[in-house]
Amino acid sequence: MTPPDAPHNRWSDLDRPPLNVTALRRGLLRPGALWTSLEVVESTGSTNTDLAERARTGAAGEGTVLIAEEQTAGRGRLERSWTAPPRSGLFLSVYLEPGDIPVERWGWVPLLAGVAAATGLAKSAGVDMSLKWPNDLLVSVDGGERKTGGILGEFAGDGIVVGMGVNVSLRADELPAPTAGSLALAGAVSTDRETLLRAVLRSLEHWYGAWRDADGDAAAGGLQAAYAAGCATLDRSVRAELPGGNALVGEAVAIDGDGRLVLSTENGLQQPVSAGDIVHLRGVAGGLT
């Protein structure tokens, strides 16, 4: 047992062992694969910030993966912070260069990453996963819907950096908010981070390849249907808190071809929402298994 006054070291929490970068590279960096380089750092402010800077300076190519054991200044959507104990989750960013895809279709990449993460985690952790539009990962904890992860995409260099944070082994007393959850609290059959990482990155490789093969057409590549099937926001009454302080209330009825959430308002109009914070007001939707 570690004495209470002993200095922190990478093995001080045996329930949260460090990642084996050699094993991850051996399993993911294959000839012809999407992933071309993989680095694990002990701690950083934000993997997205770091990888975006590398992309802007030409130091990152397509398929670069940056993983942190700890993030001290992780960023979510709408500039929200994302922090968690060291080695308690998946904290990573990837760099993609879909240069041959029309740029107006690049907005699907973060949604694509959501589908990939949800399907990969559902299979590897044995937990029902769903998506809150646009990019929150949801699980069920004690019968309630909880956010266990999020995805953030940002343009950098000639491509896009996609960051992902997932709470894996967080205990109830470690959760940052009452609305948060973790795979462990959702009853995951596995919280081995290497297993989960491999599943997520392989799933992301699959969906990114299918999207590119369809020239970025989310409908033709099956992405639009997959996202809708796993989206917990659809068929519910929601409030969309829009940029500028306005709000829109309606029933979420569809994900359109541009990845926007379509609301049916009380006056009968179909209103697409391209950006905003969504609050689920009522209703239940299915998950990705």
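Colleague: Which residues of helix α1 (residues 21-28) are buried, and what makes a residue count as buried?

Modeller: The buried residues of α1 are A23, L24, G27 and L28. Buried means under 20% relative accessible area, exposed over 50%, and partly exposed in between, with a 1.4 Å probe and protein chains only. Helices (H or I, at least four residues) and strands (E, at least two) are DSSP runs, numbered from the N terminus.

Colleague: Why are these residues of α1 placed on the same side?

Modeller: The buried residues cover an arc of only 115° around the axis, and therefore lie on the same side of α1. The arc is that of the directions from the helix axis to the C-beta atoms. The buried residues of α1 pack against β1 (37-41), β2 (64-68) and α4 (193-213), where contact means heavy atoms within 4.5 Å.

Colleague: On what basis are such values computed?

Modeller: This is a predicted model, in which local features need pLDDT of at least 70 and side-chain atom pairs count only at pLDDT 80 or more, while totals for chains, interfaces and linings use all residues. Residues are numbered from 1 along each chain as its sequence is written, and side-chain values use heavy atoms, with hydrogens and water left out.

Colleague: What is the mean pLDDT of the protein?

Modeller: The mean pLDDT, the predictor's confidence in each residue from 0 to 100, is 91, and 90% of the residues reach 70 or more. Over residues 1-8 the pLDDT is below 50. Where pLDDT is low, the predicted coordinates should not be read in detail.

Colleague: Why is V238 called buried or exposed?

Modeller: V238 has 0% relative accessibility, and therefore counts as buried. The residue lies in strand β10 (residues 237-241). Its contacts, not counting residues up to four places away in sequence, include L248, L263 and I278.

Colleague: What makes W106 and F155 an aromatic pair, and what is its geometry?

Modeller: Rings of Phe, Tyr and Trp (its six-membered ring) pair if their centres lie within 6.5 Å; planes under 30 degrees apart count as stacked, over 60 as edge-to-face and the rest as tilted. W106 and F155 stand 5.9 Å apart, centre to centre, with 35° between the planes, and the pair is tilted. W106 lies in the loop between β5 (89-96) and α3 (108-125) and F155 in strand β8 (residues 144-156), so the pair ties together parts 49 residues apart in sequence.

Colleague: Which of the two rings belongs to a buried residue, and which to an exposed one?

Modeller: W106 is buried, because its relative accessibility is 8%. F155 is exposed, because its relative accessible area is 54%.
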